[in-house]
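Open the model in your viewer and keep a selection panel at hand. The stops below go from one chain to the other.

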Amino acid sequence: MKYERPELIDRLASEFVLGTLRGAARRRFERLVPATPALQEAVAEWEERLMPIALALPPVTPPPAVWRRIVAQIPVLDRPHSPWWDRINVWRGLAITSVGALSFLFVVHEEAHDQMFPQTYVAVLNAPAGTPSMLVTAKQVGHTLTVKVLAPIDVGGGRMLALWAMPNSGRPMYLGAIEPAGVSMLHVGSETGRILRGVSSLAVTVEPDRGQPPQAPSGPEVYRGPLLEST
Amino acid sequence: MPADSASKFPHSERVAWLLGQIALGSREAFTELYALTGGLLFAIALRILRDRHAAEEALQEGFVKVWRQASSYVAARSKPLTWMATVVRNCCLDELRRRNSAAEVPAYDALEAIPDESPTPVEHAAANADVRVLRECLEGLEPVQQQALTLAFFQGLSHSEVAQHLAQPLGTVKSHIRRALMWLQRCMQRGGHGR
């Protein structure tokens with residue numbers, strides 16, 4: 001078959017992406033794609049054209065077990081960083097005398113600790129229509145939650161946005177007030193790893209702004225999303 | 001946001017950046033990517049496989065592939081969500097072919113898959129220009145062409161399976177699909193607006 005003809009390339013690419021190109025013709029096409037830029041381009045064009053059919057579907061939150069199974073399949077050591085004790089700097093640091101050596105070792109160790117235990121909490125909170133609206137991240141070892149508003153919200157006067165931890169069992173726990181735009185840093189009383197243990201999702205409600213933390217959610221819930229751990 | 005992002009899906013730049021970080025081995029970036037796109041890709045897997053358990057497995061397989069192949073994603077060639085949706089859809093179609101199910105296929109309207117833009121914020125509707133164009137172009141198809149196209153796209157049916165399902169001759173179905181694809185190409189190139 002002659003793959004030089006542009007119309008033929010286009011036809012084959014369209015049916016390859018749609019899925020109707022089958023059997024020997026599909027296998028031959030598949031084999032030729034990696035080595036043929038014109039085929040790659042045509043396939044990419046048809047993917048851009050047809051994939052919006054699928055991307056227009058309203059999102060469905062997968063059960064938490066799926067993420068745990070994905071993480072279990074990803075090797076922990078599959079990282080470009082080497083463990084801190086393998087680093088020449090540590091031993092060089094030890095060789096330097098007294099106080100200087102100690103503080104240097106401390107710095108290297110802190111940095112290495114961060115790379116060895118980079119467990120992070122991540123939650124994307126969605127509006128009911130499925131639009132991702134907020135991104136919440138936190139290091140397990142820190143005391144701060146970072147909330148980034150992806151689509152600015154109009155809450156109106158005298159009201160505030162409250163972020164809640166929704167535990168698997170028990171009552172929602174208030175985490176702090178969120179600015180309706182930009183980035184908010186919420187400082188929490190104890191280690192985030194302890195606060196967020198057993199929390200399956202985060203939610204945001206609109207509360208009357210009384211100048212003190214709400215005890216329990218009373219206003220409408222505007223965003224919600226599952227809380228994921230990176231390891 | 002840069003002006004050209006108006007035609008892209010929400011957070012396209014963020015997703016592309018995350019894929020770059022994943023290629024460097026960042027598990028944090030991978031977690032955020034899953035949080036951002038897992039729901040959409042799960043919806044795609046559910047639509048194709050119509051079985052929760054199988055869809056969960058396909059999503060899992062797809063994301064492990066995304067982790068392993070993130071470095072092979074070429075930003076210049078395709079949008080990041082298109083690339084990820086292709087990876088997950090291929091996992092689903094492989095599963096369908098494994099099943100080789102001659103089971104009955106429910107009729108499915110492609111337009112049903114596209115939610116109304118009215119309840120979503122303005123920014124979201126603008127970001128989904130791709131969807132608007134596709135919707136207008138799909139509306140320009142004859143119903144039978146639309147049905148044939150959707151059966152092939154979502155159910156992974158071959159020409160002869162589509163023909164069987166629609167109780168139409170193979171040649172007729174082939175030409176329906178061919179014409180539907182050519183129409184979509186022309187219509188989308190000029191930015192929608194139906195016939």
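Select helix α2 of chain B and look at B:T37, where a kink of about 55° is centred; the bend at a residue is the angle between axes fitted to the seven residues ending there and the seven starting there. This is a predicted model, in which local features need pLDDT of at least 70 and side-chain atom pairs count only at pLDDT 80 or more, while totals for chains, interfaces and linings use all residues. Residues are numbered from 1 along each chain as its sequence is written, and chains are lettered from A and ligands numbered from 1 in the order in which they are written.

Now put a distance between the end C-alpha atoms of α2(B), residues 27-49: the helix spans only 28 Å, against 33 Å for a straight helix of 23 residues at 1.5 Å a residue. The expected span is 1.5 Å times one less than the number of residues. Helices (H or I, at least four residues) and strands (E, at least two) are DSSP runs, numbered from the N terminus. Step past the end of the helix to B:R50, whose phi is positive, near 50°.

Is α2(B) mostly covered or hardly covered? Of its 23 residues, 22 are buried, that is, with 20 or more other C-beta atoms, placed from the backbone, within 10 Å of their own (exposed is 12 or fewer, partly exposed in between).

Next, select the largest nonpolar core, which has 102 residues. Such a core is a set of buried Ala, Val, Leu, Ile, Met, Phe, Trp, Tyr and Cys residues joined through C-beta atoms within 7 Å. Its largest share, 15 residues, comes from α2(B). Among the residues with the most contacts inside this core are A:A123, B:L41 and B:V88. Centre on B:V88: leaving aside neighbours within four places in sequence, its contacts (C-beta atoms, placed from the backbone, within 7 Å) are B:L41, B:I44, B:A45, B:A58, B:L59 and B:G62.

Show all of chain B, and 9 helices and 0 strands appear. Of its 195 residues, 45% count as buried.

Move to chain A and pick A:L125 in strand β1, residues 120-126. A:L125 is buried because 26 other C-beta atoms lie within 10 Å. The C-alpha atom of A:V136, 11 residues apart along the chain, is separated from that of A:L125 by 7.8 Å.

Last, select strand β6 of chain A, residues 183-187, where the count of buried residues is 0. Strand β3(A), residues 144-149, pairs with β6(A) in the antiparallel sense over 5 bridges; pairing needs at least two DSSP bridges. Here A:K148 stands opposite A:V183.

Conventions: Two residues are in contact if their C-beta atoms, placed from the backbone, lie within 7 Å.
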